[in-house]
Amino acid sequence: MSRRVAIVVVIGLVLAPLAATGAAATPPSPPAAYYGDVTVNGESAPAGVTVEAVVDGEVRASLTTSEGGALGGAGAFDEKLVVEGTAGENVTFRVGDHAVKTVAWESGAHEQVSLSVTDGAAPTPAVSAPDSVPAGTTVRFDATGSTDDVGVVDYEWTLPDGTTVAGTTADVTFEQAGEYTVSIAVTDAAGNTETTAASITVTDAGNGGSNAGDSDPGGSDDSSPADDTSEHAPDVVVGENAVNVAFTELPADTPATAVFANTAATSANGVSLNELTLSTTRETNVTLDVSASESVPAGTPAVGSGSLLYLNVSESVSEDALGEVTFGFTVSEKRLAAANADPSEVSLWRYHDGEWAQLDTQVAGQTGDAYRFNATSPGLSVFAVRAASADVSVESADLGDSSVTVGDSVAVSATLVNDGAANGSATVPFVVDGETITERTVMVPANGERTVSVTYTPGSEGTYDVRVGNVSAGTLDVTAAGTTDAPDDQSTTAAPDNQDQPDGPPTGPTREPSGFSATSVAAVGLIVAAVLGLFLLARRRA
């Protein structure tokens with residue numbers, strides 16, 4: 001082999017893996033980019049008209065017009081409709097409900113499009129807001145539900161004092177009781193305008209007007225926030241379907257309370273969230289969005305039987321910044337009667353880390369025809385007010401051994417089940433020949449089970465009937481000492497309540513890796529090939 005051939009062989013062996021790796025990667029096709037102008041009824045569209053790029057029924061990109069109907073621009077740094085696609089697909093440009101133009105998608109295209117729409121229909125305005133609130137409440141009027149076949153581009157509110165404000169929402173604080181009207185004029189891209197109005201009843205503070213339930217669980221002085229929490233009371237803005245709460249510069253470890261009006265945003269069918277108290281681990285701003293519904297929020301499984309109200313609480317800060325959170329809520333007597341439940345069976349549940357968990361809930365008293373409850377939570381997420389009871393019983397009982405000698409100990413165990421929809425506990429007696437030798441109180445989760453075990457040391461010969469509650473564990477035969485080896489003298493002792501053992505067989509020793517991966521073997525091969533080439537080269541020279 002010549003020197004040149006040896007060098008070529010070495011280089012080839014070194015570069016071959018790199019060439020194979022590079023050949024495996026195929027770069028994606030560059031997207032297409034579109035820009036142009038939009039006209040409505042022959043005039044340049046106003047700013048804010050949305051154009052969507054649709055491919056196979058899927059919206060791949062969207063862009064809104066700027067002044068003069070401009071849809072992006074031709075410049076390298078101008079915004080454009082950037083559309084991903086594959087050869088053979090078509091792009092349809094849609095303005096509102098109108099499919100205006102269709103072009104063939106081409107990889108890397110930089111294409112100008114002109115879109116023209118005819119619009120003679122006026123928009124349909126819509127306003128959401130509560131029907132009734134107490135005086136002193138800030139109400140959010142929301143017109144984002146307004147629709148148009150091309151698109152609404154302008155919103156103008158007229159407030160009760162005659163002032164006007166622009167935007168999709170308007171926040172109005174009502175200090176005095178009375179009847180008020182707020183109107184909204186919406187205008188579409190063609191200049192068509194339509195107006196509607198919303199009426200609201202403002203009651204005297206504390207009267208708690210409501211359209212949401214079968215009772216008024218409104219507060220008394222007992223349900224008002226404590227003086228030490230009112231100093232940092234948040235801004236509360238009530239909408240028809242949600243409440244926005246903003247705590248500003250809340251000091252660390254300082255509880256603050258948000259008090260809610262009894263509206264459809266926080267109550268339904270006689271169940272109402274009245275207040276929420278929280279603290280933080282550091283000084284921070286906290287914004288909450290709170291909504292209530294009898295239906296389970298999207299993306300969350302149902303809590304199960306006995307659900308009365310779901311609460312969705314989202315926060316603007318990380319969970320580690322929140323301290324303990326306390327909920328104050330009420331349930332009317334009529335609602336409890338409809339659920340065939342007692343106040344003691346009402347509890348708050350939290351959905352977190354993929355499962356529902358019952359929270360510590362206390363009956364705080366009664367106001368009028370409604371019961372008040374307080375519940376604490378370690379964080380915020382989705383919650384459910386639930387009227388559910390526990391049903392705990394002994395399912396089975398067993399003796400660890402049916403025959404022992406005097407002085408030997410025997411294990412007596414029992415499995416308790418809870419067929420109810422709430423966590424519950426039961427105190428069970430361990431009975432030998434009709435005499436209770438000990439008792440154990442066991443907490444069993446809803447629809448779950450727990451095992452409890454004690455040890456019993458008989459002091460004399462005989463045959464004993466052993467029971468746990470009303471369930472037989474079996475018959476224990478006790479023979480005279482000395483017939484078998486007996487352990488050291490033991491007194492009657494009780495094992496821990498929960499004797500659960502880890503599932504599955506013991507874990508074996510971890511297998512150590514061999515130390516030779518495919519990558520390391522390849523590297524060694526390359527080194528050997530290089531050495532061999534150098535050896536052949538040296539031999540040729542000799």
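In this predicted model, rings of Phe, Tyr and Trp count as a pair when their centres lie within 6.5 Å, and by this rule the count comes to eight aromatic pairs. One of them joins Tyr 34 and Phe 93, whose ring centres are 5.2 Å apart and whose planes meet at 75 degrees, so the pair is edge-to-face. Tyr 34 belongs to strand 1 (residues 32–40) and Phe 93 to strand 7 (residues 90–95), so this pair ties together parts of the chain that are 59 residues apart in sequence. Both Tyr 34 and Phe 93 are buried.

Another aromatic pair, that of Phe 327 and Phe 383, is tilted, with 4.6 Å from centre to centre and 50 degrees between the planes. This pair, too, links distant parts of the chain, since Phe 327 lies in strand 24 (residues 322–332) and Phe 383 in strand 29 (residues 382–387), 56 residues apart. Phe 327 has a relative accessibility of 0% and therefore counts as buried, and Phe 383, at 0% relative accessibility, counts as buried as well. Elsewhere, Phe 141, Trp 157, Phe 174 and Tyr 180 form one aromatic cluster.

Phe 383 leads to strand 29 itself, which is mostly covered, six of its six residues being buried. Val 382, Ala 384 and Arg 386 point one way from strand 29, while Phe 383, Val 385 and Ala 387 point the other way, and all of these residues are buried. The charged end of Arg 386 sits over the ring of Trp 349, 4.6 Å from the centre of that ring.

Which strands pair with strand 29 in the antiparallel sense? Strand 23 (residues 307–315) does so over five bridges, and within this pairing Ser 307 stands opposite Arg 386. Strand 25 likewise pairs with strand 29 in the antiparallel sense, over six bridges, and here the bridge partner of Arg 350 is Phe 383 in strand 29. Phe 383 thus appears both as the bridge partner of Arg 350 and in the tilted aromatic pair with Phe 327.

These pairings can be placed in a wider sheet. Nine strands form an open sheet with mixed pairing, in the order 14-11-17-18-22-23-29-25-26. Strand 14 (169–174) and strand 26 (355–358) stand at the edges of this sheet, and each has a single partner strand, so one side of each is left without a neighbour in the sheet. From one strand to the next, the twist averages 25 degrees. At the end of the order that begins with strand 14, strand 11 (residues 137–142) and strand 14 run antiparallel and are joined by six bridges, and Arg 140 stands opposite Asp 171 in strand 14.

Two loop residues deserve a separate look for their backbone angles. Asp 353, found in the loop between strand 25 and strand 26, has a positive phi of about 55 degrees although this residue is not a glycine. With a relative accessible area of 69%, Asp 353 is exposed, because the threshold for that class is over 50%. Asn 269 also has a positive phi, near 55 degrees, in a residue other than glycine, and is found in the loop between strand 20 (267–268) and strand 21 (271–280). Is Asn 269 buried, exposed or partly exposed? At 28% relative accessibility, Asn 269 counts as partly exposed.

Further along the chain, Val 466 is found in strand 36 (residues 462–468), and its relative accessibility of 2% means that Val 466 counts as buried. Leaving aside residues up to four places away in sequence, Val 466 touches Leu 399, Val 412, Val 431, Val 432, Ser 472, Ala 473, Gly 474 and Leu 476. Val 412 is 54 residues from Val 466 along the chain, and the C-alpha atoms of the two are separated by 8.3 Å.

The view can now widen to the protein chain as a whole, which has four helices and 37 strands. Of its 542 residues, 39% count as buried. Among contacts between residues at least 6 apart in sequence, 66% join residues at least 24 apart. The accessible surface of the protein chain comes to about 27,800 Å², and 48% of this surface belongs to carbon and sulfur atoms.

Notes:
Residues are numbered from 1 along each chain as its sequence is written. This is a predicted model: local features need pLDDT of at least 70, side-chain atom pairs count only at pLDDT 80 or more; totals for chains, interfaces and linings use all residues. Side-chain values use heavy atoms; hydrogens and water are left out. Buried means under 20% relative accessible area, exposed over 50%, partly exposed in between (1.4 Å probe, protein chains only). Contact means heavy atoms within 4.5 Å. Two strands pair if DSSP finds at least two bridges between them. Axes are lines fitted to C-alpha atoms, for helices over the stretch in contact, and angles run from 0 to 180 degrees between N-to-C directions. Accessible areas come from the Shrake-Rupley method with a 1.4 Å probe; for residues, only the protein chains shown count as cover. Rings of Phe, Tyr and Trp (its six-membered ring) pair if their centres lie within 6.5 Å; planes under 30 degrees apart count as stacked, over 60 as edge-to-face and the rest as tilted. A charge sits over a ring if NZ of Lys or CZ of Arg is within 6 Å of the ring centre and within 35 degrees of the ring normal.
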